[in-house]
Amino acid sequence: MRFSALKNENIKIFKIKGNLKMKVDPDYKSIGALFRDANVFSIPKYQRGYAWKENQLEDFIEDIKALLIEGEQSEHFFGSLVCSQVEAVGGHERENQLVDGQQRLTTFVILASRLIRKYEELSKLDSDHVEYI
C-alpha cells in the first residue's frame, strides 16, 4: 500500500492506489483517552515487526523523565498515531488498525505493563510503605 499526502486547505487527504481516498480527521487525545471507549488496537500484517533500538528507547525514556520533572499538569507530544478505524458488530467496540505509530504505542504498552506488574509486586509486600506506592 503506498500513501501520498495531498494538502487541501486544512484537510489532509491520503490517496491510496488509484481513486480511493481517505479523509483524515486529526483528533488530539491523551494516552488515557486512547484506551477508553472500548478502543482496540491491532497491527496489520503488512507492518514491520517491533524494531526500536536503544537510541529510540532512550529518547522515549528521556521524554517520560521530563514529564515527571515538569509535574502533573505538564503536556508532551509523543508523536502521532494514524489508524484506520473499523466498527465491530453492534458498534460497541472500535478496532483501530495502526498505519503509523505502532512502534511508539507498543513501547508505551510494554512500559505500562511492566509498571503495573511492578506495582502489583510491591503492593504485596508487608511493609509500612505500601500506602505510598
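**Exercise 1. Which residues is threonine 107 in contact with, leaving aside its neighbours within four places in sequence?**

Before we start, a word on the model: it is predicted, so local features need pLDDT of at least 70 and side-chain atom pairs count only at pLDDT 80 or more, while totals for chains, interfaces and linings use all residues. Residues are numbered from 1 along each chain as its sequence is written, and side-chain values use heavy atoms, with hydrogens and water left out.

Step 1. Find threonine 107 in helix 3, residues 102-123. Helices here are DSSP runs of H or I with at least four residues, strands are runs of E with at least two, and both are numbered from the N terminus.

Step 2. Look for its partners, where contact means heavy atoms within 4.5 Å. Threonine 107 touches Tyr50, Trp52, Leu57 and Phe60.

Step 3. Check how covered it is. Buried means under 20% relative accessible area, exposed means over 50%, and partly exposed lies in between (1.4 Å probe, protein chains only). Threonine 107 is buried because its relative accessibility is 6%.

**Exercise 2. Describe how tyrosine 50 sits between threonine 107 and the surface patch.**

Step 1. Tyrosine 50 belongs to the loop between strand 4 (39-42) and helix 2 (54-70).

Step 2. Its side chain and that of threonine 107 are joined by a polar contact of 2.7 Å. A polar contact is a pair of N or O atoms within 3.5 Å; within protein, one must be able to donate a hydrogen and the other to accept it, and residues adjacent in sequence count only if both atoms are side-chain atoms.

Step 3. Tyrosine 50 has 41% relative accessibility, so it counts as partly exposed.

Step 4. With Leu57 and Ile110, Tyr50 forms a nonpolar patch on the surface, and together the three have about 260 Å² of accessible area. Patches are made of residues with over 30% relative accessible area and no salt bridge; like charges are joined within 9 Å and nonpolar side chains (Val, Leu, Ile, Met, Phe, Trp, Tyr) within 5 Å. Accessible areas come from the Shrake-Rupley method with a 1.4 Å probe, and for residues only the protein chains shown count as cover.

**Exercise 3. Is tryptophan 52 buried or exposed, and which residues does it touch?**

Step 1. Tryptophan 52 is in the loop between strand 4 and helix 2.

Step 2. At 17% relative accessibility, tryptophan 52 is buried.

Step 3. Leaving aside neighbours within four places in sequence, its contacts are Leu57, Phe60, Gln103, Arg104 and Thr107. Arginine 104 is 52 residues away from tryptophan 52 in sequence, yet their C-alpha atoms are 8.7 Å apart in space.

Step 4. Now turn to glutamine 103, which is found in helix 3. Its 6% relative accessibility makes glutamine 103 buried. Not counting residues up to four places away in sequence, glutamine 103 touches Arg48, Gly49, Tyr50, Ala51 and Trp52.

**Exercise 4. Which residues of helix 3 are buried, and what covers them?**

Step 1. The buried residues are Gln102, Gln103, Leu105, Thr107 and Phe108.

Step 2. Their cover includes helix 1 (31-34), strand 4, helix 2 and strand 6 (94-100).

Step 3. Test the length of helix 3. The expected span is 1.5 Å times one less than the number of residues. For its 22 residues that gives 32 Å, and the end C-alpha atoms are 31 Å apart, which agrees.

**Exercise 5. How many salt bridges does the structure hold?**

Step 1. Recall the rule: a salt bridge is a side-chain nitrogen of Lys or Arg within 4 Å of a carboxyl oxygen of Asp or Glu. Side chains of opposite charge can pair when their charged atoms come close.

Step 2. The structure holds 2 salt bridges.

Step 3. In one of them, lysine 65 meets glutamate 62 at 3.6 Å, N to O. These two are 3 residues apart in helix 2, so about one helical turn separates them. Lysine 65 is partly exposed at 43%, and glutamate 62 is partly exposed at 45%.

Step 4. Lysine 118 and glutamate 121 also meet in a salt bridge, at 3.7 Å, N to O. Both lie in helix 3, 3 residues or about one turn apart.
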